[in-house]
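Got the viewer open? Here is a walk through the model, one selection at a time.

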Amino acid sequence: MSSKLKFRLALVLCCVMMMSIFAGCGGEKSDVDDQSIQASGEVIKLGFLGALTGSVANYGIPGKKGMEMAIEEINANGGILRHQVEGVYDDNKGDNSEISAIARKYITRDKVVAMVGDPCTGLTQVAGKIAQENEVVILSAGATSPGVVEIGDYVFRNTLLDKFAAPAVVDWMINDKGWTDFAVITCMDLGYSTGLTPVFEEAIEANGGNIVLEDSINQGETDFTAQVTKLKNAGADVLVFTGYYTEAALIMNEVQKQNFDMVLVGGDGLYGPDLAALGQSAVEEKVIFYCGFSSDQPSDETAAFLEAYRAKYNEEPDMFSAQYYDAVYILKKVMEDANSVDPKVFKNELAKLTDYPGVSGNTTIGPDREPIKSPVCLITIKDGQFAILEKIPVNVE
Amino acid sequence: MFIEQLVNGLTLGSTYALIALGYTMVYGIIQLINFAHGEIYMFGAFAGLLLVSVFGLNIFVALIGAMVFCMFLGMLIERIAYRPIRGKSSRLSALISAIGVSIFLSTLMALIRGTNTTRYPEIMKIHTYHLGSLDLSSLQIIILVVSALLMVGLQLLIQKTRIGKAMRACSQDLEAASLMGINANRVISYTFAIGSALAAAGGVMVGVYYNAVWPYMGTMAGLKAFAAAVLGGIGSIPGAMIGGLTLGVLEILGVAYLSSSYKDAIAFGILILVLILRPQGIMGKKITKKV
Amino acid sequence: MNIMDALLSQYIDAYYLHIMVLIGINIILALGLNITTGVTGQLSMGHAGFMSIGAYTAAILSIHMGLPFWGSLLGGATAAAGFGFLLGLPTLRLEGDYLAMITIGFAEIIRVFFLNFEPGGKALGLSGIPEHTTFSVVWMIAIVVIVLNVKLLHSRIGRSFYAIRENEIAAEAAGINTTRLKVLSFMVGAFLAGLGGGLYAHYMTYIAPQDFGFMKSIEFLNMVVLGGMGSIPGTILGTVVLTLAPEMLRIVAEYRLLFYGAMLVILMIFRPNGLLGDVRWYDIKKRWFSKEVKTWES
């Protein structure tokens, strides 16, 4: 009897010990209630959400570079409302529980006023919920699927929404180009792709096109021989691929190896310098995608961004670097408009953002707090460079 | 279309087989699932890339260079991460150590090269041969021929040479073999070297064939190759070859005629079925349990 | 319990609270794998597969059927245990690495299934799961699980599990129905994995197939082996170390996984049987509460 009691005592002791370890960790915490950053310090912090290692890191790393550049520029020009800005960059590996930990760490330990990211919709939802609960603004640069801004009034995104852009592109393919038979390839384990495919398919059906082949691949694979052999025998006029640039380039490489002609059309996930680097002659004038900005006929802002980015990193920016860069500047603008660095205040200005001339296109936050970017550029690759093919207006209803 | 897909499958399968051989050889001797093997394959692919693009070597010279590099890498890994544990603990500890090595190597390469996919330079003009309705590219022929040569070479090495004899002895009974005067440590080292070299050859050929390499390519390839080794009967060298080819063909035919979104599920589903019906794998020997 | 959570969130930083919740969930999951692999010796490398079944089932029961939290947790765990039964059946014929391959294949099939599963949101994942899992819920369940684990392993069944691991033929000769017990160990392991998965889903409020990949299964295996196979305190310690390590290593930024990998190798070299290999509650108890008076050994 007594030994049993002692055993239970030991159990309780163990638990208490474990808790005390953590309580010890938590000892240095400062007062959570003190949300007013203005009073407490000179520096305001922005949290970066994105993967720096792991298989989706090539979408997070350019984002981080864009964000770092924007923050450096802002600090060189006197900061936001005379506060210096500091970015906090933690790697979430593209993992659910990681981003959940990081968002909490940013809010409670680093005391960020806003978070920028994540490129993936699902991860943005996790972070968005935490941001909403703690009243910190989150501005996603890349989450395109529904269910993001619905979380609450602290959650925003700065990205070209597929539901506006894809139908315009399908209309262009069918009516301007005369393509009627479509093959659609989806990247099965990519949320962006499984969200975009139905948008394209609905638009194709609404415009009277036929889908002759539906197929799928996985991220990180290199063997697409079977899919491409099927494509070769399917008799499609054009291939719609809804994934990211790496796989697009590899598919086109295989198309070239199997010796037939095919044009690949896709979304802004194809905007990456690796598309041309990996595909080379296989993607030359064979890949068309829509995007909010183009490096070919840039606006003044875009031209300045491109030049600065090339000078700093010695590489071409991609869509993510442009959108993260923009996101930081949008936050700067709304903080200045609100004359406050308190998320409770400047979130209202963010909801009213109209026609902001960013490097990734003109952005307006609509009445449902969804971003509207227009016009949409159709981009292809000429001589290894992105070249604008056409600008098509977007019909927002 | 069927024959074309079959050739696609055989090409993919022969790369699986090359990686699976390393798994099976190591397993045959020390019963360790060397989870870092997929990463050795990845390092082989990158070593080949370096030799071709920076030093401008001929692809066959680069292939041999990458194989030699990975030989040493494999021996080094065995020396550092496995030998200290061997004999002291259960196989599972060695398995965890192997997982540690695998995470270490893939992160290391991601830090060196970035996580982007890198293009493999074109090494030759690709010809396409038309044989009736079948289109066969010169690359596919080269890959099939080189893998066949490597596998025949391995078979000769194991059946005809002294070290091969020592390996066979060790795989039957490590302890008895060392009592017979075989330096078991050295044999294990050589086994790692040969297995790693074959994985490197697989890596270079995959790079050449698909024009792409990236730091995390080893994980899934390693898993598939392990599946191939088990399918063929782990520990059996002809088994690994047959297992690799079967898995590659099954995977491609699954995409072609069933559903590409269930591709991996089909491959693994068939694997499970085969194992339930024939628990020792296709070529594996049935071992009676003894007390 | 709500009061306790409110109190805790007043005094403990949300970030640390989050880590502690994750530790609790991981302990439940790792103890499940400990029964299958650590105690009974059936190498399972598909634990995340069971976890995903529990997580998705519980989430769907909560969202679409409107079941209360406890109901959906139990539903998820039971569904996982059902699959544990199915996966346990091949152990009649297979063992060792062949069995490991089957478990890997099973987890991959489950992952691909959820990638194609329309009600689960495919690759986008399932969001909008009600948030029910809190610190006190997790730790209450974790403590119950730990106590029941100790009871189970000290029972006739638990001793038979150990016997199977040590020598299956001898165990059979001693009159143990090895077939039934091996299947049972899979079911118990899967049940706990499903339970942990359900808690995870109701904590994150969002789950996606990518969360339950092969590397996740490996993480749990690491926890069990690193802590010490078959030892409950060891598994708990392994879980705490491996859940904390990535957070602690955040300071080294992108070198984090490099250190993590090296750490696994080094720990295995210096503690080949795990941190607390074969240490049981009994040993700890004996050390702290011994009535024998002894001097130092000379």
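**Colour by confidence first**

What you have loaded is a predicted model, with an ipTM of 0.88 and a pTM of 0.85. So start by colouring on pLDDT.

Chain C averages 88, and 95% of the residues score at least 70. Within chain C, select helix H3 (residues 47-64) for the highest confidence, at 95, then helix H13 (residues 281-289) for the lowest, at a mean of 72.

Now chain A. Its average pLDDT is 83, with 87% of the residues at 70 or above, that is, scoring at least 70. Strand S8 (residues 238-241) of chain A has the highest confidence, at 95, while helix H2 (residues 37-40) of chain A has the lowest, at a mean of 41. Extend that last selection to residues 13-40 of chain A: the pLDDT there is below 50, and the stretch has 31 contacts in the model beyond near neighbours in sequence. Keep that colouring on for the next stop.

**Chain A against chain C**

Show chains A and C together. The contact draws on 39 residues from chain A and 43 residues from chain C. The size of an interface is often given as the accessible area lost when the parts come together. For chains A and C the buried area is about 3,900 Å², with 68% of it coming from carbon and sulfur atoms.

How many salt bridges are there between chain A and chain C? The count is four. To see one, select Asp13(C) and Arg109(A): their closest N and O atoms are 2.9 Å apart. There are also seven residue pairs in polar contact between chain A and chain C, counting pairs with both residues at pLDDT 80 or more.

Next, highlight four helices of chain A: H1 (2-25), H4 (96-110), H5 (121-134) and H7 (191-206). Each supplies at least two residues of the side that touches chain C. Colour that side of chain A by residue type and you get 15 nonpolar, 12 polar and 12 charged residues.

**Chain C against chain B**

Swap chain A for chain B. Here 43 residues of chain C are in contact with 48 residues of chain B. The pair buries about 3,900 Å², 77% of it on carbon and sulfur atoms. On the chain C side, pick Asp97(C), Tyr98(C) and Met101(C), which lose the most area to chain B and together make up 18% of what that side buries.

How many salt bridges does the rule find across the interface of chain C and chain B? Zero. It does find four residue pairs in polar contact, with both residues at pLDDT 80 or more.

For the helices, select H5 (96-115), H8 (168-173), H10 (214-227) and H12 (256-270) of chain C, each of which supplies at least two residues of the side touching chain B. H5(C) gives the most, with 12 residues. By type, this side of chain C divides into 29 nonpolar, seven polar and seven charged residues.

**Strands at 356-373 of chain A**

Back to chain A, this time as a cartoon. Strand S11 (residues 356-358) and strand S12 (residues 361-365) run antiparallel and are joined by three bridges. Pro357(A) has Asn362(A) as its bridge partner in S12(A), and a hairpin of two residues connects S11(A) to S12(A).

Carry on to strand S13 (residues 371-373), which pairs with S12(A) in the antiparallel sense, again over three bridges. Thr363(A) is matched there with Lys373(A) as bridge partner. Five residues lie between S12(A) and S13(A) in this hairpin, and Arg369(A) in the turn has a positive phi of about 65 degrees.

**A salt bridge inside chain A**

The structure holds 30 salt bridges over all chains. For one of them, select Lys230(A) and Asp215(A), whose side chains meet at 3.3 Å, N to O. Lys230(A) sits in helix H8 (residues 225-232) and Asp215(A) in strand S7 (residues 210-217), 15 residues apart.

**Two backbone oddities**

Most residues other than glycine have a negative phi, and most peptide bonds are trans. Two last selections go the other way on these points.

- Gly117(A) and Asp118(A) are joined by a cis peptide bond, with omega about -5 degrees. Look for Asp118(A) in the loop between strand S3 (114-116) and H5 of chain A.
- Gln31(B) is not a glycine, yet it has a positive phi of about 50 degrees. Find Gln31(B) in the loop between helix H1 (2-30) and helix H2 (37-53) of chain B.

Methods. Residues are numbered from 1 along each chain as its sequence is written. Chains are lettered from A and ligands numbered from 1 in the order in which they are written. Side-chain values use heavy atoms; hydrogens and water are left out. Two strands pair if DSSP finds at least two bridges between them. Contact means heavy atoms within 4.5 Å. Buried area is the accessible area (1.4 Å probe) that two parts lose on being put together, summed over both. A polar contact is a pair of N or O atoms within 3.5 Å; within protein, one must be able to donate a hydrogen and the other to accept it, and residues adjacent in sequence count only if both atoms are side-chain atoms. Ala, Val, Leu, Ile, Met, Phe, Trp, Tyr, Cys and Pro count as nonpolar, Asp, Glu, Lys and Arg as charged, and the others, Gly among them, as polar. pLDDT is the predictor's confidence in each residue, from 0 to 100.
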